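Student: Please take a close look at one part of this model, the surroundings of the bound ligand, and set that part in the context of the whole chain.

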Amino acid sequence: MLCVEPGVFSGTFKAPPSKPISQRLLLAGALAEGETVVKGVELSDDVVAMLRAIQPLARISIYGGDVHVERREPDVYRAFNVMESGFTLRTAVAVYAGVPGLTAVYYGGTLRGRPIDELIQALRSLTDVAKAPGAVFIRGKRLSRFEVEMRADISSQFISGLMFLAAAGEGGVVRPVGGRKSWSFVEATASVLKQFGARVEVGDVIEVEGGLRGPGEVAVPGDYSLAAFLIAAGLITGGRVEVEGQASDVDKQVLDIFAAMGAHVAYDGRRATAWGTPSRGVDVDLGSNPDLVMPVALVAAFVEDWTVIRGVEHLRYKESDRVASVLDVLQRLGVEATYKDGALHIRGPPRRRNVQFLSHGDHRIGLMALAASKAVGGCLDDVSPISKSWPTAPLYFIVLPEK
Ligand SMILES: O=C(O)C1=C[C@@H](OP(=O)(O)O)[C@@H](O)[C@H](O)C1
Ligand SMILES: C=C(OP(=O)(O)O)C(=O)O
């Protein structure tokens, strides 16, 4: 159990490095010709999962936060555990379908209950794939240009995986079927593949031409889906927070959402500053940016006005059922909160103090609870899930007793 004393939360912080971009750059680096130096990586559990996944394909050296990656002759038999990283599981299962040899991808924890079958089904039109509890086995072979259909309404990572598979080989076409969820992450995959010289077109279908070349040095931008918890903690406690580091394109719109809620937000491309008390509810669709739901819901909990967050159906497939776990945090705060037809409806302010929160095994729910505790006082049952994305985060919220 970790308890946080309430108080004004202010300060200048370095944005945590973007997990999704770190993972994409490392994977692309391992598949590309030439050495890539990925600068400013934090070894969260999910990034370590990606390092494990690329090790059978690549030479890797780590110097502080800089990771050097270079493609090598792949091992013929390879096995690794991706732990709870959904992105690593789904991209590794796809990519190894195109690498001659046999692969076992193990996975565990909350990931065991998350979707993978739809991707396996699509890959079976290309090669042999078998699933056992906690592992996927893949026979890899050199693939010619392929064309597959893929559901787009469960996880965008199925599509990102197929895009990496196409880019590492002879290219391919992915036909998304159904509503497009978490689409900003498909765009992020396209943009990293382009950075590595691939030709990618994202339209009604996604077309990828094969062939990746390392761009040399690349820097990881800041993760504003995570930094948003620091900003939220500042806004709900009357503090002023500065976050240093360029925001990754995937989630920087959180700054506009906080501004629409009445916060003062300034961003100059290198640093975000936020202060002031949010006073307006918003009606936003976060179907493309599911990781922003937690920090936006948290700020909404402190506004005496209705906020509606739409497009959240697929939050059920995350580390926890985030529709239920976000509602749990809000209800423990004593905030009015319901879910209806794919939307969360939230009206603050909190009516409880000294709240007992549960992380539900989910890093983003744990982070939401820590930031909420800064405003109302509270304890979190289990902080360990937070190492999945941002191991240093609890250090910003606790005060260690002096000896
Ligand atoms: O591609 C990615 O890096 C991610 C895609 C999203 O998941 P889904 O596509 O499964 O919704 C997002 O929630 C996750 O944190 C990271
Ligand atoms: C869902 C997440 O990641 P992944 O799907 O890669 O496990 C997340 O970081 O919130």
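Tutor: By class, the shell around ligand 2 consists of 1 nonpolar, 3 polar and 5 charged residues. This is a predicted model. The residues that surround ligand 2 are Asp46, Ser85, Gly86, Phe87, Asp291, Lys318, Glu319, Arg364 and Ser389. Phe87 is thus the nonpolar member, while Ser85, Gly86 and Ser389 make up the polar group. The charged group is Asp46, Asp291, Lys318, Glu319 and Arg364.

The shell is shared between two parts of the protein. The chain is divided into domain 1, made of residues 2-16 and 222-397, and domain 2, residues 20-201. Each of these domains supplies at least three residues to the shell around ligand 2. Asp46, Ser85, Gly86 and Phe87 fall within the bounds of domain 2, and Asp291, Lys318, Glu319, Arg364 and Ser389 within those of domain 1.

As for how the two domains are placed, their C-alpha centres lie 29 Å apart. Contact between them involves 17 residues of domain 1 and 19 residues of domain 2. The domain 1 side of that contact has 6 nonpolar, 9 polar and 2 charged residues.

For the wider frame, an unreviewed UniProt entry carries the annotation "domain: Enolpyruvate transferase" over residues 9-392. That span is 32% helix and 26% strand, and its end C-alpha atoms lie 16 Å apart. One of the helices is α5, residues 156-168, which reaches 19 Å from its first C-alpha to its last, close to the expected 18 Å. Because 13 of the 13 residues of α5 are buried, the helix is largely enclosed by the rest of the structure.

Methods
Residues are numbered from 1 along each chain as its sequence is written. Chains are lettered from A and ligands numbered from 1 in the order in which they are written. This is a predicted model: local features need pLDDT of at least 70, side-chain atom pairs count only at pLDDT 80 or more; totals for chains, interfaces and linings use all residues. Domain bounds come from an automatic or database domain assignment. Two residues are in contact if their C-beta atoms, placed from the backbone, lie within 7 Å. Ala, Val, Leu, Ile, Met, Phe, Trp, Tyr, Cys and Pro count as nonpolar, Asp, Glu, Lys and Arg as charged, and the others, Gly among them, as polar. A residue is near a molecule or strand if its C-beta atom, placed from the backbone, lies within 6 Å of it. Helices (H or I, at least four residues) and strands (E, at least two) are DSSP runs, numbered from the N terminus. The expected span of a helix is 1.5 Å times one less than its number of residues. A residue is buried if 20 or more other C-beta atoms lie within 10 Å of its own, exposed if 12 or fewer, and partly exposed in between; C-beta atoms are placed from the backbone. UniProt positions are given in the numbering used here, feature names are shortened, and annotations may be inferred rather than shown by experiment.
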